[in-house]
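Student: I would like to go through this structure and ask how each label is earned. Please set the values against the cut-offs.

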Amino acid sequence: MIILVALLLIAATKSCVSQNEGYDLNAPWFGADPSEKTYNLHRRGWDACLRCGGSDRLGAIVNIGDSDESLDEIDEEGVREIIDAVRAHGMIVIKGQNLTRAQQVEFTDKLGDVVVLPSSFEGKDPEPFQPAIQRITNFWADGTWKGQSAKFGAYWHQDGQFWIRPKHNLLSILHAQATPPEGGETGFADLRAARATLS
């Protein structure tokens, strides 16, 4: 199981904003302060990607505590490391996690205020008994198939773009339970890089 944490919904936080007054808008950080630690980067499918240029800082692989340690046991130091890595890299990958729905919400709460999306939200498929979790799947919570035309977020968007400041500083927590061996990746764009390279 993989956890993706992206600087984009679920936990509202102010901690991901760079404190650097003299922004260096050059690659690879594009105005973000580098992370305190150095991380390997997740590059599944990177070689085949035709649109990945400019996203070089995205996808740091973060290991918290022992390799067997679950995120539901994370301490304040681990939370600080995650927030620092997200602030610097925009999106991080935490591998080897198998959280229950309740543990996912508890982990999210450690990162900031949990955001429950309005009932009008596109997916209209919140997790039963865990309204903070939006299910991104081909099946409804009762196990029935959503149908061939069912899509969720199948367009470029920024999570949290509907909030006004400062709530727009959000972290999205994506917990992949099952993924295909290839394809089906969620795409991420580095908006810092896009802004810094506008002509």
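Student: How much area does the chain expose, and what share of it do carbon and sulfur atoms supply?

Tutor: This is a predicted model, so every value is computed from it. The chain exposes about 12,400 Å². Carbon and sulfur atoms supply 51% of that area.

Student: How many of the residues count as buried, as a percentage?

Tutor: The chain has 199 residues, and 38% of them count as buried. The label needs a relative accessible area under 20%.

Student: What elements does the chain have, and in which order?

Tutor: There are three helices and eight strands. Along the sequence they run β-β-β-α-β-α-β-β-β-β-α.

Student: How many salt bridges does the structure hold?

Tutor: Four. Let us take three of the pairs in turn, beginning with K37 and E81.

Student: What makes K37 and E81 a salt bridge?

Tutor: Their side chains meet with N to O at 3.2 Å. The cut-off is 4 Å between a Lys or Arg side-chain nitrogen and an Asp or Glu carboxyl oxygen, so the pair qualifies. The pair links distant parts of the chain, 44 residues apart. K37 sits in the loop between strand 2 (10–12) and strand 3 (60–61), and E81 in helix 1 (residues 76–89).

Student: Are K37 and E81 buried or exposed, and which values decide it?

Tutor: K37 has a relative accessible area of 45%, so K37 is partly exposed. That label covers values between 20% and 50%. E81 is at 14%, so E81 counts as buried.

Student: How do you know that D84 and R87 form a salt bridge?

Tutor: The closest N and O atoms of D84 and R87 are 2.6 Å apart. That is within 4 Å, so the pair passes. D84 and R87 are three residues apart in helix 1, and therefore separated by about one helical turn.

Student: Why are D84 and R87 called buried?

Tutor: D84 has 12% relative accessibility. R87 has 8%. The limit is under 20%, so the label fits D84 and R87.

Student: What makes R101 and E127 a salt bridge, and where do they lie?

Tutor: Their closest N and O atoms are 3.4 Å apart. R101 lies in helix 2 (residues 101–111) and E127 in strand 6 (residues 126–127). The pair therefore ties together parts that are 26 residues apart in sequence. R101, at 33% relative accessibility, counts as partly exposed. E127, at 13%, counts as buried.

Student: Why is F129 called exposed?

Tutor: F129 has a relative accessible area of 82%. Exposed means over 50%, so the label holds. F129 lies in the loop between strand 6 and strand 7 (130–134). F129 and R101 are 28 residues apart in sequence and 9.1 Å apart in space, C-alpha to C-alpha.

Student: What is the phi of F129, and what is the phi of F30?

Tutor: F129 has a positive phi of about 70 degrees, although F129 is not a glycine. F30 also has a positive phi, near 50 degrees, and is a residue other than glycine. F30 is found in the loop between strand 2 and strand 3. With a relative accessible area of 9%, F30 is buried.

Student: Why is helix 1 called roughly perpendicular to helix 2?

Tutor: Their axes cross at roughly 75 degrees and come within 10 Å. Angles from 65 to 115 degrees count as roughly perpendicular, so the term applies to helix 1 and helix 2.

Student: Which residues of helix 1 and helix 2 meet, and what are their classes?

Tutor: V79, I82 and I83 in helix 1 meet F107, K110 and L111 in helix 2. By class, the contact has five nonpolar, no polar and one charged residues.

Student: How do you know that D125 is buried, and what is D125 in contact with?

Tutor: The relative accessible area of D125 is 4%, and the limit is under 20%, so D125 is buried. D125 lies in the loop between strand 5 (113–114) and strand 6. Leaving aside neighbours within four places in sequence, D125 is in contact with several residues, including I133, R135, F139, W140 and K146. D125 and I136 are eleven residues apart in sequence and 8.0 Å apart in space, C-alpha to C-alpha.

Terms used: Residues numbered from 1 in each chain as written. Predicted model: local features only at pLDDT ≥ 70, side-chain atom pairs only at ≥ 80, totals over all residues. Heavy atoms only, no water. Helix = DSSP H or I, 4+ residues; strand = E, 2+ residues; numbered from the N terminus. Buried < 20%, exposed > 50% of the residue type's maximum accessible area, 1.4 Å probe, protein only. Areas by Shrake-Rupley, 256 points an atom, 1.4 Å probe, with all protein chains shown as cover. Axes fitted to C-alpha atoms, helices over the stretch in contact; angles between N-to-C directions. Parallel < 35°, antiparallel > 145°, perpendicular 65-115°, else oblique. Contact = heavy atoms within 4.5 Å. Nonpolar A, V, L, I, M, F, W, Y, C, P; charged D, E, K, R; others polar.
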